[in-house]
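Here are some notes from a colleague to read alongside the sequence and the structure. Please go through the points in order and look up each residue as it is named.

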Amino acid sequence: MYRPKYAMFFDLHTMQACPDVGHAFDAEKFAEQLHNAGADLVGFHAKCNQGFCYFDTKTGIRHPSLPEGRDLFGEVVAACNKRGIQVSAYFNCGLSNEDAVRHPEWSRIGMRGEALHPEIYDLGWVTPYMRTMCMNSPWHDHLLGLIREVRDRYPVAGFLFDSFNVFPCVCPVCTAMMREQGLDPNCEAEVMKFARQTTLRMATDISELIQPKKNGLLTYFLGISAKDNARIGSYLECECLPTNPSWGYDYLPLTSRYYRTLTEGPVLNMTGRFNNWGDFGSLRPQTAVEYDLFFGLANGMRPNIGDHLHPRGDLNGCVFERIGKIYRKIKQYDEWFDGAENLADIGVVFSGALTGSHGLIGATRMLSELKMQFEFIDRDSDWSKYEILILPDDILLDDVLAAKTEAHLRAGKKLIATGKSGLDPAEKQFRFDKVWGAEYLGPCDYDPAYFRLTGDHADEIPAMPLATYSKGLQVRALDPANVAGKIVAPYYNRHWDGMYSYFYTPPDKLTDLPFLILNGQCAYCTYPLCESYYEHASPDLRKVLEIMLRHVFGTPLLKTGKNLPSFARAFVTRKGPQRIVHLLNYVPELRGKTLLIEEEIPAKEVEVSLRLDGAAVKKVYLAPGRTELPFRTADGYVHFTVPEMSGYCMVVTETE
């Protein structure tokens, strides 16, 4: 299987009304510009979401204005392969507007009987999702035939299959199939369950057709889970345009720390030169795209930059020029990126969906701001490699999760929990109350609630009641647990009594209800700390997590000094005898409605301490120039200072 290093992808969704598709396209010039930009893999459309094919198809619909005899896709494959550039064939599988116009019976029908779907994703009336395809209709076999044509006729490196979104369908075919399975086509939950089965079955059928692992084909299905992709595909791809609110700058930090745990195949980091798909008129700043890609590379991903190909075939030289500058800059670091693996002390457990959880975003932000090294793990992951587990906010321990937690604790390792995490699925009691140091009494009714730290930690935050910004639990501390923080009750809860609105609810008295419990192997906060941080970004809440980390973990893999700001990010990778520190110092700024990175942020005299785990250091240097830095070793760490950096900085530690 080909392992791409520098990919590009070209959107080519062309309306039926486009009068001159491919008329000005020069495949040789296109391939030459790709080569000059440094790309070694290009994704190119075989079939777009409008239902048109750009290869010499016998069964599909060619775009009506594509010149007779033109095989756009075939020309690209030939011209690129001649220059050592591999090609991945793009197929849109869930959208095919022209096929739906010609075959309405192939279209999905929604639960209200609607055939058109302008409401999808709140895009407004004009949307590519106007017509979506039913994968149980004859569309299923027609699509397999199109894919078979490309598989058999073109020497492609792989396939990217798009739009495997789970949409409900109650067409006659789906309704009959649901009834055969004992499912109710009038029950939305059961229709959605069936839709997920349908989508996965379609992807599985495609996988069985092309057999990606046996044939060494790059294969990814956009829309099905990363775990299913790792099973039936051959690589993973994280699509993230941070300028689009559906993704934003919180998406990649979550997915990158999970995807890398799922596969030994490539993981591509797809960003875009534009602000959004379908936006032909934007060119994001070079620094913004570099941030996306350096972030991905520091997390084991390879770059993939999305672009739009003008339907006529016009080539934007300035786009290739900018991407070439970006890739030339990144390639200086390839010696240290290639084959490196991420190191992590902490496994953050999640259940349900990884993305969209405010608690997981809050946990990611706090841990990133504290420069912790962590990954996301679920019930199927290997938990044994992590010294610390974090159960953020709402991880209820069923038998499987309880067994894995018990094995972790039995190995003498440590754990952090917040909010409901640790309760049984019925939310009646803690599965490990003696470890948590707490007996569950029930929900805490204070609204709002406040807290104060006590004892040795009282001076680490302001000496006043601070808001929890959320509802938590009432617990009783078990001896010999250390109650390091307590709840402060409000005068009264926020409510309306029929006459007065109790809006102003100041803190009243310190209660005996624990807020923070430090107990041997476990640090437990009775409130959903992570979601609270997402909602209000209080540095005092982050300080609580820092105290919890110190209690369970005195020697994190990486520590940085105050000259590296909280918004900077730091990662550690390992390649043979090298331990590599990646520092990223950029700020996504909200400008009106758009998040934008325009400049690299400089930093000076950045102090770094990297845990050695018994290794002896030979030298420390800045890459790519190999400028050596003075260092000292003490307390199991190598300590050094980066005199000056701007944007991205790589420091390599060579060990014996």
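## Notes on the predicted model

1. We begin with a single residue, S163, which has a relative accessibility of 5% and therefore counts as buried, since buried means under 20%. This serine sits in the loop that runs between strand β6 (158–162) and helix α5 (172–180). Its phi is near 65°, which is a positive value in a residue other than glycine. Please keep in mind throughout that the model is predicted.

2. D613 invites a comparison with that serine, because most residues other than glycine have a negative phi. D613 is not a glycine either, and yet its phi is positive, at about 50°. Is D613 buried or partly exposed? With a relative accessible area of 47%, D613 is partly exposed, and its place is in the loop between β30 (602–611) and β31.

3. The backbone holds two further features worth checking, given that most peptide bonds are trans. The bond from D479 to P480 is cis, with omega near 5°, and P480 lies in the loop between β19 (473–477) and β20 (482–490). A cis peptide bond also joins A623 and P624, where omega is about 5°; here the proline is found in the loop between β31 (617–623) and β32 (627–629).

4. Turning to the whole protein, one can count 17 helices and 34 strands. The radius of gyration is 27 Å, close to the 26 Å that the globule rule gives for 656 residues, so the protein is as compact as a globular protein of that length. Taken along the principal axes, the box filled by the C-alpha atoms is roughly 80 × 65 × 45 Å.

5. How much of the protein is buried? Buried residues account for 57% of the 656 residues, while the accessible surface comes to about 27,000 Å², with 50% of that surface belonging to carbon and sulfur atoms. As for charge, the protein carries 70 positive and 82 negative side chains, and the centres of these two sets lie 3 Å apart.

6. In soluble globular proteins, nonpolar side chains tend to be buried together. In this model the largest nonpolar core has 156 residues, of which F73, F91 and I206 touch the most other members. If neighbours within four places in sequence are left aside, I206 is in contact with C93, L143, L144, I147, F161, F164 and F221. Another core, of 26 residues, lies apart from the largest one, and among its members are L415, Y440, C522 and Y524.

7. It is also useful to ask how far along the chain the contacting residues are from one another. Among contacts between residues at least 6 apart in sequence, 75% join residues at least 24 apart. T560, which lies in strand β25 (residues 558–560), offers an example to inspect: beyond its neighbours within four places in sequence, T560 is in contact with K371, E607 and V608.

8. The last point stays with T560, whose relative accessibility of 25% means that the residue counts as partly exposed. What separates the C-alpha atoms of T560 and F320 in space? These two residues are 240 residues apart along the chain, and their C-alpha atoms are separated by 37 Å.

Terms used
Residues are numbered from 1 along each chain as its sequence is written. Side-chain values use heavy atoms; hydrogens and water are left out. Helices (H or I, at least four residues) and strands (E, at least two) are DSSP runs, numbered from the N terminus. The radius of gyration is taken over C-alpha atoms; the globule rule is 2.2 Å times the number of residues to the power 0.38. Buried means under 20% relative accessible area, exposed over 50%, partly exposed in between (1.4 Å probe, protein chains only). Contact means heavy atoms within 4.5 Å. Accessible areas come from the Shrake-Rupley method with a 1.4 Å probe; for residues, only the protein chains shown count as cover. Lys and Arg count as positive and Asp and Glu as negative; His and the chain ends are not counted. The place of a charge is taken as NZ of Lys, CZ of Arg, CG of Asp or CD of Glu. A nonpolar core is a set of buried Ala, Val, Leu, Ile, Met, Phe, Trp, Tyr and Cys residues joined through side-chain atoms within 4.5 Å.
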